[in-house]
Amino acid sequence: ANVRRLWTRQISSWRHAIRDKDSSVNAFICTSQPGSTSPERLPLHGAGIAVKDMICTSDMATTSSSAMLKDFTPPFDATVVGLLREAGADIVGKLNCDEFGMGSLNIHSVHGPVVNPFQTASSSSTPWVERERRSAGGSSGGSAAAVAAGMCYAALSTDTGGSTRLPASYCGVVGLKPSYGLISRWGVISFADSLDCVGVMAKSVAATKRVFNILNARDTKDPTSASLSARETASKQATQAWPTFALSDLRIGVPQEYFPSELSQEVLNPVREAIKSLRCRGATVVPVSLPCTPYALSAYYVISSAEASSNMARYDGVQYGLHVPAPPGADLTSAAAIYTQTRAAGFGSEVQKRILLGTYALTADAFDNYFLQAQRVRQLVRDDFNLVFRVPDVLSPRTPEDRPNDQGVHVLIHPSAIGTAPPLGALDADSMATYVQDVLTVPASLAGLPAISVPLVRKGEEWPVGISIVGQWGCDEMVLRVGHFLENLQ
Ligand code: GLN
């Protein structure tokens, strides 16, 4: 009964926090009605969890931060939402994001930008203070901000090219992008299917893991859900490679290409310190090279835009979502006029840009030079990772000559972002600088690998810096364990 009272108090404290803080953060698009408390025996009994607005919920609208879906309430819950409810979680609300997940700063949203809630006040008794307005990162800015501001226990995000790890780094929270295919995408609005993953954000690695464990299940409704045998083989291989879970038995690779000239000193220094501490505590840290990294960002934007252009075709002004009627006396046939009017009014400029880019990359003239070339780069990026990892890739075809790579590393470590959160308004929404934000996160997305961003402890007024751990496909547990070590470094 005491535990129940504690959690009930906790839930209402989240709802209070949303009421008190969200007017200055803008993380929430809507909140749910408080329901009855779930049974105590359930693993997420009483945990208040908020969900990115690209994930379908039957009791709240799912807008993807787009005018196109402004009034859309799906008739079903996404598999992940169902799993959380079954585990006893209270889904407290829906979270702001970049429109259809396209962006890095959460500034492309019909609901307005999310303001980074980072504040120096560490005690909950200190009054909430609004500081400089900086970006919360994107596209899952609302998820990171809601967790950072203590408005929920954990949040679901999505990650196509870095949308979980980048905002986690900017807001100072933990963000996990699991291996592609481990968590169901059924009921998650698609941006780029071959890259989209559901992510988990929380204040600690333990809380992230607690939620991930609930969601990590095969779903026959999602054709890209990883098979049971691939899951089992990967976790067996991971345990064989690191049976002791001791830092002294861990080989960590530092990829030299992840320290580009654009990396700010503000990020470099704490990352160096963290790597030094890992070494002092017994880990073997070795430099490695992933030579195709510089090409990953371009390949990512070609592939993701191509897939997005196809996914966005379903918003036709007829089946569901926004419908703008043909103007009287339109030249076009009325169906074409509805289509044109609806999409011109419903999509923001960033989404329109991706549709144009993606459609172009898929035209007969450009297909070989852009789309196929990007797919080749994607394979090279995967090969780079496979060459350095100790654990073999269970998803790629094996040959009898393949042997475990004893000199390989268990995980890679690198800064999550090239800088701290940029001030809102500092970056022109159309400038190249906004696309470069995810230069360090896209390679793991192209290769479908698990990656976690963990905040490094910073002093006083310093803005948060995240460090990322990347593992072989299916080594999510290993990545979480290393994340836990990093969390406890200082
Ligand atoms: N910033 C990247 C993009 O705009 C990644 C977004 C994401 O991971 N959803 O495409």
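Gly-253 lies in strand S7 of this predicted model, and it counts as buried because 24 other C-beta atoms lie within 10 Å, where 20 or more are needed for that label. Once its neighbours within four places in sequence are left aside, Gly-253 is in contact with Val-286, Val-288, Val-388, Val-409 and Leu-412. One of these contacts spans a long stretch of chain, for Gly-253 and Val-388 are separated by 135 residues in sequence, yet their C-alpha atoms are 8.0 Å apart in space.

A comparable arrangement can be followed from a helix. Ile-355 belongs to helix H10, which covers residues 349-361, and with 21 C-beta neighbours inside 10 Å this residue counts as buried. Beyond its neighbours within four places in sequence, Ile-355 is in contact with Ala-308, Ser-309 and Met-312. In the same part of the chain, Glu-307 stands 48 residues from Ile-355 in sequence and 9.0 Å from Ile-355 in space, taken from C-alpha to C-alpha.

Strand S10, residues 451-455, is mostly covered, with 5 of its 5 residues buried. Ala-451, Ser-453 and Pro-455 point one way from S10, whereas Ile-452 and Val-454 point the other way, and all of them are buried. S10 is joined to strand S5 (residues 174-177) by 3 bridges, the two strands running antiparallel, and within this pairing Leu-176 has Ile-452 as its bridge partner. S10 also pairs with strand S11 (residues 466-471), again in the antiparallel sense, over 5 bridges, and here Ala-451 stands opposite Val-470.

Helix H6, residues 228-241, can be checked against the geometry expected of a helix: at 1.5 Å a residue its 14 residues should span 20 Å, and its end C-alpha atoms are 20 Å apart, which agrees. The buried residues of H6 are Arg-231, Ala-234, Gln-237, Ala-238 and Ala-241. Seen down the axis of H6, its buried residues fall within an arc of 135°, so they line one face of the helix. The spacing behind such a pattern is general, since an α-helix has 3.6 residues a turn and residues three or four places apart therefore point the same way. On the other side of H6, Leu-228, Ser-229, Glu-232, Lys-236 and Gln-240 are exposed, while what covers the buried residues of H6 includes helix H14, residues 476-487.

In the loop between H6 and strand S7 (251-255) one meets Phe-245, whose phi is near 55°, a positive value in a residue other than glycine. Phe-245 counts as partly exposed because it has 14 C-beta neighbours inside 10 Å. Ser-65, found in the loop between strand S2 (48-52) and helix H2 (79-86), likewise has a positive phi near 55°, but Ser-65 counts as buried, with 33 C-beta neighbours inside 10 Å. Backbone values of this kind deserve notice because most residues other than glycine have a negative phi, and most peptide bonds are trans.

The second half of that generality is relevant to the next loop. The peptide bond from Gly-138 to Ser-139 is cis, with omega near 5°, and Ser-139 is placed in the loop between strand S3 (90-95) and helix H3 (141-148). H3 itself is mostly covered, since 8 of its 8 residues are buried; among them are Gly-141, Gly-142, Ser-143 and Val-147, together with Ala-144, Ala-145, Ala-146 and Ala-148. After H3 comes Gly-150, where phi is positive and near 70°.

The path ends at the ligand. Around the ligand there are 14 residues, of which Gly-101, Ser-104, Thr-160, Gly-161 and Ser-163 come nearest. By chemical character, the residues of this shell divide into 2 nonpolar, 10 polar and 2 charged.

Notes
Residues are numbered from 1 along each chain as its sequence is written. This is a predicted model: local features need pLDDT of at least 70, side-chain atom pairs count only at pLDDT 80 or more; totals for chains, interfaces and linings use all residues. A residue is near a molecule or strand if its C-beta atom, placed from the backbone, lies within 6 Å of it. Ala, Val, Leu, Ile, Met, Phe, Trp, Tyr, Cys and Pro count as nonpolar, Asp, Glu, Lys and Arg as charged, and the others, Gly among them, as polar. A residue is buried if 20 or more other C-beta atoms lie within 10 Å of its own, exposed if 12 or fewer, and partly exposed in between; C-beta atoms are placed from the backbone. Helices (H or I, at least four residues) and strands (E, at least two) are DSSP runs, numbered from the N terminus. Two strands pair if DSSP finds at least two bridges between them. The expected span of a helix is 1.5 Å times one less than its number of residues. The arc is that of the directions from the helix axis to the C-beta atoms. Two residues are in contact if their C-beta atoms, placed from the backbone, lie within 7 Å.
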